[in-house]
Amino acid sequence: MDLSALMEIAINEAEQSGDDVPVGALIINQQGEIIAQAHNTREHLDDPTGHAEINAIRQAAEKIGDWRLENCTLIVTLEPCVMCAGAIVAARIPKVVFGAWDERVGASGSLYDLLRDSRLGAPVEVIPGVLEEKCAEQLRQFFAATRNKSGSK
């Protein structure tokens, strides 16, 4: 499966986020099989760590029975934040593919670049901007709808 097709799956997963920011994440193994698929659950579970990437990392580690995800790739619709970048490095995921940049809190090349900081271990290969506009539009629509809801109260 190509990266665009995988990102489409992540975008569809992001739709499951409900009242939370629509972010979807997948983890694939070396053979390209999806071993984890998750979305944001912070609001639903009242869990500040309920980011799509963290949820996917937990699922993948449970599925393969190892916290080391050394032969996996993470695909996510939004550039990982500092917390998620730290978890990616800790899980030893060697490659991250993301859609939209997060200029406000991104930690994978925009505001910070933790994934490629060799002081934290082996640098992670980062492939940004896959279906960037589609991922960004999904977020824009969510925030516009959220503003409209809060403005009408």
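**Arg92.** I began with the accessibility of Arg92 in this predicted model, and at 41% relative accessibility I have to call Arg92 partly exposed, because that class lies between the 20% and 50% cut-offs. I then placed Arg92 in the loop between α4 and β4, the latter covering residues 95-100. Its backbone caught my attention as well, since phi of Arg92 is near 60 degrees, a positive value in a residue other than glycine.

**Leu131.** I looked up a second positive phi, that of Leu131, which is about 50 degrees although Leu131 is not a glycine. I found Leu131 in the loop that runs between β5 (125-127) and α5 (132-151). With a relative accessible area of 25%, Leu131 is noted as partly exposed.

**Val23.** I turned next to the loop between α1 (3-14) and β1 (24-28), where Val23 has its place. Is Val23 buried or exposed? I count Val23 as buried, because its relative accessibility is 4% and the cut-off for burial is under 20%. Leaving aside neighbours within four places in sequence, I listed the contacts of Val23, among them Ala14, Ser17, Ala38, His39, Val76, Leu78 and Leu139. The list also includes Ala52 and Glu53, and I note that helix α3 spans residues 52-64. I also checked Val23 against Arg140, which lies 117 residues away along the chain, and found their C-alpha atoms separated by 12 Å.

**Helices α3 and α4.** I followed Glu53 into the packing of α3 (residues 52-64) against α4 (residues 82-90), where the angle is about 20 degrees and the axes are 9 Å apart. That angle makes α3 roughly parallel to α4, because angles under 35 degrees are classed in this way. I recorded the crossing of α3 and α4 as left-handed. On the α3 side the contact is made by Glu53, Ile54 and Ile57, and on the α4 side by Met83, Cys84, Ala87 and Ile88. Sorted by class, the contact of α3 with α4 has six nonpolar residues, no polar ones and one charged.

**Whole chain.** I finished with the overall picture, in which the chain has five helices and five strands and follows the pattern α-β-β-α-α-β-α-β-β-α along the sequence. The radius of gyration is 15 Å, which agrees with the value near 15 Å that a compact globule of 153 residues would have. The C-alpha trace spans about 50 × 30 × 30 Å along its principal axes, and buried residues make up 45% of the 153. Among contacts between residues at least 6 apart in sequence, I noted that 55% join residues at least 24 apart.

Note on methods
Residues are numbered from 1 along each chain as its sequence is written. This is a predicted model: local features need pLDDT of at least 70, side-chain atom pairs count only at pLDDT 80 or more; totals for chains, interfaces and linings use all residues. Side-chain values use heavy atoms; hydrogens and water are left out. Axes are lines fitted to C-alpha atoms, for helices over the stretch in contact, and angles run from 0 to 180 degrees between N-to-C directions. Helices (H or I, at least four residues) and strands (E, at least two) are DSSP runs, numbered from the N terminus. Angles under 35 degrees count as roughly parallel, over 145 as roughly antiparallel, 65 to 115 as roughly perpendicular and the rest as oblique. A crossing is left-handed if the near helix is turned anticlockwise from the far one by less than a right angle, and right-handed if clockwise. Contact means heavy atoms within 4.5 Å. Ala, Val, Leu, Ile, Met, Phe, Trp, Tyr, Cys and Pro count as nonpolar, Asp, Glu, Lys and Arg as charged, and the others, Gly among them, as polar. The radius of gyration is taken over C-alpha atoms; the globule rule is 2.2 Å times the number of residues to the power 0.38. Buried means under 20% relative accessible area, exposed over 50%, partly exposed in between (1.4 Å probe, protein chains only).
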